[in-house]
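Visitor: I am new to protein structures and would like to learn how the terms are earned. Could you walk me through one, please?

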Amino acid sequence: MPKERLHELIRELERQYTETYGTAVTVADTPALPGVQFAYALDLSRCIGCRRCVYACVEENNQSRDPQIHWIRVYAMEKEKGVDFQHANPYYDPPQVPEDGHFYVPVQCQQCENPPCVKVCPVGATWREGDGIVVIDYDWCIGCRYCMAACPYGARHFNWAEPTLPKGQLNPKTHYLGNRPRPKGVVEKCTFCIQRTRAGRYPACVEVCPVGARKFGNLLDPGSEIRYIIEHKRVLVLKEDLNTVPRFFYFYAT
Amino acid sequence: MNTARLFARFTTGSLRLVLRGNSTYWAWIAALVVLIVSGAFAYAHQVRAGLTVTAMRDQVSWGFYIGNFTFLVGVAAAAVVLVIPAYVYDWKPIRQIVVYGELLAVSAIVMCLLFVFVDIGRPDRFWHLLPPVGHLNFPTSLLAWDVLVLNIYFVLNFAVVTHILYRAFSGRPYIKSVVVPLVLLSIPMAVGIHTVTAFLYNGLAARPYWNASILAPQFLASAFCSGPAILLILLQLLRRFTRFEIQDEAIWKIAELMAYAMFFNLFLHGVEAFKEYYSATEHLLYTRYWYQGLGEHRTMVPYAWSAVALNLTAFGLFIVPAARRNWVALNLGCLAIYSGVYIEKGMGLIIPGLTPDTLGDIYEYYPSLTELRVAAGVFSIGFLVFTLMLKVAVPIALGEFRVDREARSDVLDRLPLQPGRA
């Protein structure tokens, strides 16, 4: 698509959203920065399962409030069993976390280097950007949900009904490939908060985490925290055998 | 007579045929129309409210629609069971009924495409698949492959069958040099549509239940049971209600082929079950969900065992020559095969493939009323298309509907649907 046409389209979207939600909405189209490869690391020894990341993500990324869509799911696991999703519970609801004998594994889009979801899309509505973020064009997705069948991490979510987002709750700073309001019948997922991270900020989940379990940075920057973690800690990725090569690492800092 | 007038005669004649029928015919048409209207209302509701009116959710993101789609691809592919012996071995008794197999394939593909269409969240964006305005992600996406091969297969069968019938109507032999290569091409195409559909699932490493190489051969084996099962019942109905002559020999031959196909189907199921249960890795979970249930989650178990029982029964009835020559046993066998394969290829493939989900969450899917109504509507459209096509095709094949002797039935000396030299 030529640049002018894209800008025209984006202005039109901004007009639409501004009218619908009653606040001045911006839709950015910031491209991937050269020399940047984003990656994420999550400290399993620190996470307490409070789900603040889940709700910070919902607010930042304008997910539907009813029906609820969560881009992050947190699994409570038994320490005796280790990282074992077949015995994990994503619906845990104790009066207080963390519970004795449990640890927590939050899962969101793993931004795979080799994303099975991108491969299967029949219309090319989802792709991997230059900085490693896997994105979806909500205006091109036909809602066939093949990508959901292909994703090994349950990271993709479908708008089964018209998403609802009360007027006052919209985050007006949006990105075309990220948190702009979505229509019914399309797939969405975590974009590493593309609207923030391409503007030099941390993802909302990283900022909100009360225990500092979430780390984010540029893989190509030798001095970055993410590089330090990968080089010095015990790091694992989920379902390594599937060769998806996630850009989302789990580690044990202590 | 010039082409335009000939075609006009064909159109008006076909219309007259379609509009003429006894009370059974009209009752059948009325029933189909009622179901289509009901399905249309249900679909309109789904478009308005979103796919939330189905029972599908993020965990089980495909369900009844895609299950039916998969089953019907098999029905469409099964036309080759008839085409292979008819054309390759020039086996006369089956040759006459190939046309009906192809009409069945055409109707089945119509249903397949409709099932995919009703499943997508943005039907208004269907054109995104169509280049040059859209973008078909070929050859990377197996769904793009499926869209291509299904449409080619549809056009191929439609072209062959309309050519044969139209030429017979015009009182001319069909052009052998065109028909035979196309028919031969339709054989690998039929295998192709089902293989590609199997690969659609097979290629997903995220779903161990599908990620098994046995899927494509098993798809073909079960298709070669279910497609002919429909046809066998249809042929008997035709024989009963029209003057159409179909030799018993042809029907028994098809039944015998079905017995072998069912043997392979059962064998492949057994092979897969052995591998899963003996190695007992964590991938066994999905097979266990289907056959045994997981804890209190047992919705699918009765269906699983019904399918096994039905398939075994059908195999027993079809492998014994005396049984398949008994009309009651034969028809019971057909029904058993049809329902057995319908369960295992529909819900039995899709639901355990997605349950538990990739991270172990169990959401028990069972189709909603809206899904059932939409699906009944799609099936009714398919049956309606099939009925109307038969209504024209049968009189042509019988030589009753021809441009030069529309009302005369005395000249039936020559076998209709004859090839010419071209």
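Visitor: What stands opposite A:D43 in β12(A)?

Guide: A:F251 does. Both belong to a predicted model, in which local features need pLDDT of at least 70, side-chain atom pairs count only at pLDDT 80 or more, and totals for chains, interfaces and linings use all residues. Residues are numbered from 1 along each chain as its sequence is written, while chains are lettered from A and ligands numbered from 1 in the order in which they are written.

Visitor: How do you know that β2 and β12 of chain A pair?

Guide: Two strands pair if DSSP finds at least two bridges between them. Strand β2 (residues 38-43) and strand β12 (residues 248-252) of chain A have 4 bridges, in the parallel sense, so they meet the rule of at least two. As for the names, strands (E, at least two residues) and helices (H or I, at least four) are DSSP runs, numbered from the N terminus.

Visitor: In which sense do β2(A) and β10(A) pair, parallel or antiparallel?

Guide: Antiparallel, over 5 bridges. One of the partnerships sets A:Y40 against A:F216 in β10(A).

Visitor: What makes β10 and β11 of chain A edge strands?

Guide: Each pairs on one side only. They belong to an open sheet of 4 strands in chain A, with the order β10-β2-β12-β11 and mixed pairing. On average, neighbouring strands of this sheet are turned by 30° against each other, direction ignored.

Visitor: Why is β10(A) called mostly covered?

Guide: Of its 5 residues, 5 are buried. A residue is buried if 20 or more other C-beta atoms lie within 10 Å of its own, exposed if 12 or fewer, and partly exposed in between, with C-beta atoms placed from the backbone.

Visitor: Which helix lies across β2, β10, β11 and β12 of chain A?

Guide: Helix α7 (residues 225-232) of chain A does, running at about 110° to β10(A). Such angles run from 0 to 180 degrees between N-to-C directions, and the axes are lines fitted to C-alpha atoms, for helices over the stretch in contact.

Visitor: Why is α1(A) said to lie largely in the open?

Guide: Because the number buried among its 19 residues is 1. Helix α1 (residues 3-21) of chain A reaches 27 Å from its first C-alpha to its last, close to the 27 Å expected at 1.5 Å a residue. That expected span is 1.5 Å times one less than the number of residues. Just after α1(A), A:G22 takes a positive phi of about 70°.

Visitor: What makes A:Q111 buried, and A:D139 partly exposed?

Guide: A:Q111 has 27 other C-beta atoms within 10 Å, so it is buried. A:D139 has 16, so it is partly exposed. A:Q111 is in the loop between β4 (102-107) and α3 (116-120) of chain A, and its phi is near 45°, a positive value in a residue other than glycine. A:D139 lies in the loop between β6 (134-136) and α4 (146-150) of chain A.

Visitor: Where is A:R145, and how do you know that it is buried?

Guide: A:R145 is also in the loop between β6 and α4 of chain A. With 23 C-beta neighbours inside 10 Å, A:R145 counts as buried. Its phi is near 70°.

Visitor: What makes chain A as compact as a globular protein of its length?

Guide: Its radius of gyration is 18 Å, close to the 18 Å that the globule rule gives for 254 residues, so the description fits. The radius is taken over C-alpha atoms, and the rule is 2.2 Å times the number of residues to the power 0.38. Chain A has 7 helices and 12 strands, and buried residues make up 46% of the chain.

Visitor: How many residues does each chain bring to the contact between them?

Guide: Chain B brings 36 residues and chain A 38 residues. Two residues are in contact if their C-beta atoms, placed from the backbone, lie within 7 Å. On the side of chain B, helix α7 (residues 142-169) gives the most, with 4 residues.
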